Amino acid sequence: MSTILEVAGMSASIGSQQVVESVSFSVPDTGITAVLGRNGVGKTSTLRGILGLIKRKGEVTLAGERIDGLPTHRIVQRGVGYVPEDREVFASLTVAENLALAERQANPRRDFVAHLFPDLVERRAQMAGTLSGGQQQMVSVARALLNDNRLLLVDEPTKGLAPRIVNEVAGALEEASRTVPILLVEQNLEVVKRLAKDAIVIDGGRVVHRGDAREILGDEELTRRLLGVHGDAPADGHGTEERA
Amino acid sequence: MSTLVLVLVTGVGLGALYFLVASGLSLIYGLMHVLNFAHGVFLTLGAFLGWEVASRIGATGWPAFLLSILVGGLVGTAFATVTELALIRPLYERHIEQVLVTVGLAFAAVALFEGIWGSDPIFITGPAWLDETTTLLGARIPNVYFVLMIAATALLASLVVFLRYTRYGMIIRAGVENRAMVTALGIDVKKSFTLVFAIGGSAAGVGGVLAAHYTGYVSAHLGQTLLIFAFIVTVIGGLGSLSGAAIASVLVAVLQQLANYYLGGTGDLIVVVALAVVLLVRPRGLLGRRPA
Ligand SMILES: Nc1ncnc2c1ncn2[C@@H]1O[C@H](COP(=O)(O)OP(=O)(O)OP(=O)(O)O)[C@@H](O)[C@H]1O
Ligand SMILES: [Mg+2]
């Protein structure tokens with residue numbers, strides 16, 4: 001098994017505040033790797049640092065090539081898809097326009113996306129801002145799946161969604177992961193157990209643990225210490241509504 | 001009655017001129033968060049070079065007029081593009097420095113124009129028809145106002161089509177909403193920065209030629225005078241909103257004309273009062289988006 005992404009001593013800052021302190025980890029080139037950690041420890045910032053959306057230092061290597069000096073759009077063009085934490089669909093653009101903007105290749109995978117999210121096909125002409133949260137999340141995930149990427153960075157895709165939609169989104173990621181490795185930030189530990197092979201645990205802006213996802217979540221004492229929760233319980237407040 | 005018609009129609013015509021300037025300001029601010037104080041320079045340069053070309057030909061008829069409009073538009077486009085590439089782009093994301101650069105350019109350009117063309121206004125003549133009047137509901141309206149309205153309507157229509165139906169238009173609309181996410185889709189948003197400068201510059205350049213025929217002269221200060229009103233219009237319409245700028249252009253100019261005729265020439269004062277009221281009551285302007 002080889003590595004698609006290698007992060008070595010990356011720190012990142014927002015304004016003058018350092019929010020990631022020298023994280024190092026690697027992401028295998030198959031399957032889903034989970035990023036775990038309590039709220040505010042720097043998971044989102046780690047993804048944004050990799051993408052160059054916030055200022056970062058250190059080495060980031062994608063498929064053997066350094067990308068830490070590149071501007072965001074060039075990193076993405078090298079085959080990195082991004083599903084941001086709060087969906088960030090373009091509210092005043094239609095679903096079709098949101099998807100069209102994301103298409104980078106001559107033959108985008110429209111059929112695959114239509115198969116995963118038939119809802120979106122029906123709602124092509126609807127303004128993305130008027131979609132439900134779940135539908136917006138589907139647009140956001142779909143944007144990343146339209147291209148043949150080498151890696152997806154996916155940030156809390158099930159946040160605030162109803163159980164049925166959580167399932168649908170998790171299913172889509174599972175299907176996508178057969179062809180593209182995914183680095184997944186996820187607080188819903190059920191979803192992590194279902195999807196992730198490996199997990200990285202971040203605390204205080206650093207990687208404090210890494211290993212097999214199920215083993216980490218199975219270790220009660222470890223999960224309580226690193227995530228502040230029991231492995232069978234939701235990781236935070238918004239997890240409760242997700243298991244009806 | 002005919003006076004009211006005159007005031008209203010000339011107000012709309014003046015609003016059309018404001019829109020030629022404000023549309024670019026609004027697009028640039030919406031996408032780049034830069035208040036472009038150099039926008040008046042594009043206009044003045046368009047007016048001067050448009051006039052130069054027309055007067056070199058030595059003609060005052062329609063062909064010369066249309067040619068000067070073309071030249072004004074091209075000069076505005078070229079100068080705005082160079083401004084973006086040479087001065088704005090190197091200061092990417094440093095909004096305060098970018099604004100300061102445009103202020104500096106505005107001052108320098110006015111001085112340069114005075115050096116080249118002198119500080120006195122140069123009176124110009126165009127097609128005689130422009131100065132003649134057409135009677136509308138009993139009011140005798142100078143024809144130049146209709147030309148302004150046609151130009152602004154054509155601009156608005158092409159901008160709407162461009163923004164709505166082209167990929168770059170889509171990128172600009174998306175970028176006004178969330179620029180970082182546009183880059184996170186693999187799109188080089190800087191190209192569209194240059195593009196909005198070019199578009200704004202072309203509208204301002206055409207506006208410069210028309211403004212010269214509207215006022216009857218070209219001068220180094222033509223652009224900066226209009227720019228003040230265009231800024232007010234942009235703020236009242238809601239920074240970054242094109243339709244807001246269009247509506248506010250007409251509202252402000254009509255209000256200004258009404259006050260000038262019926263309240264003893266207090267038009268400019270009324271506009272400033274309107275600005276103050278909008279800033280107090282609805283700081284994001286008529287159609288501006290709520291600050292995130
Ligand atoms: N715009 C900002 N300005 C200053 N500090 C910020 C900003 N955004 C985030 N931070 C800080 O950076 C730290 C890491 O934030 P980040 O969003 O990466 O955490 P996270 O692990 O993704 O949290 P969550 O689980 O809540 O999504 C936090 O302490 C946060 O307060
Ligand atoms: Mg986060």
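**Exercise 1. Find how many cavities of 30 Å³ or more the whole structure holds, then describe the largest.**

Step 1. A search of the whole structure turns up 3 cavities of 30 Å³ or more. A cavity here is a set of points, on a 1 Å grid over the protein atoms alone, where a 1.4 Å probe fits but cannot get out; lining residues have an atom within 4 Å of a point. Grid points are joined across faces, edges and corners, and the volume is the space filled by probe spheres set on the points.

A quick note on the ground rules: this is a predicted model, where local features need pLDDT of at least 70, side-chain atom pairs count only at pLDDT 80 or more, and totals for chains, interfaces and linings use all residues. Residues are numbered from 1 along each chain as its sequence is written, chains are lettered from A and ligands numbered from 1 in the order in which they are written, and side-chain values use heavy atoms, with hydrogens and water left out.

Step 2. The largest cavity comes out at about 70 Å³. Its lining includes B:Met32, B:Tyr92, B:Arg179 and B:Phe193.

Step 3. Sort that lining by class: 4 nonpolar, 2 polar and 5 charged. The bins are Ala, Val, Leu, Ile, Met, Phe, Trp, Tyr, Cys and Pro as nonpolar, Asp, Glu, Lys and Arg as charged, and the others, Gly among them, as polar.

**Exercise 2. Work out which protein donors hold the magnesium ion (ligand 2).**

Step 1. Look for donors (N, O and S atoms within 2.8 Å of the metal, 3.2 Å for Na, K and Ca); water is not among the atoms, so the site may look incomplete. You get A:Thr44 (OG1) and A:Glu85 (OE), 1.9 to 2.4 Å from the ion.

Step 2. Place them: A:Thr44 sits in helix 1 of chain A and A:Glu85 in the loop between strand 6 and helix 3, 41 residues apart. Helices (H or I, at least four residues) and strands (E, at least two) are DSSP runs, numbered from the N terminus.

Step 3. A:Glu85 has 18% relative accessibility, so it counts as buried (under 20% relative accessible area, 1.4 Å probe, protein chains only).

**Exercise 3. Decide what surrounds strand 9 of chain A.**

Step 1. Strand 9 is largely enclosed by the rest of the structure, because 5 of its 6 residues are buried.

Step 2. Strand 3 of chain A runs parallel to strand 9, with 4 bridges; A:Ala34 is partnered with A:Ala199.

Step 3. Strand 10 of chain A is antiparallel to strand 9, with 6 bridges, and A:Ile200 stands opposite A:Arg210.

Terms used
1 Å grid on protein atoms, 1.4 Å probe; cavity = no way out; pocket = protein on both sides within 12 Å on 5 of 7 lines; lining within 4 Å. Buried < 20%, exposed > 50% of the residue type's maximum accessible area, 1.4 Å probe, protein only. Pairing = 2+ DSSP bridges.
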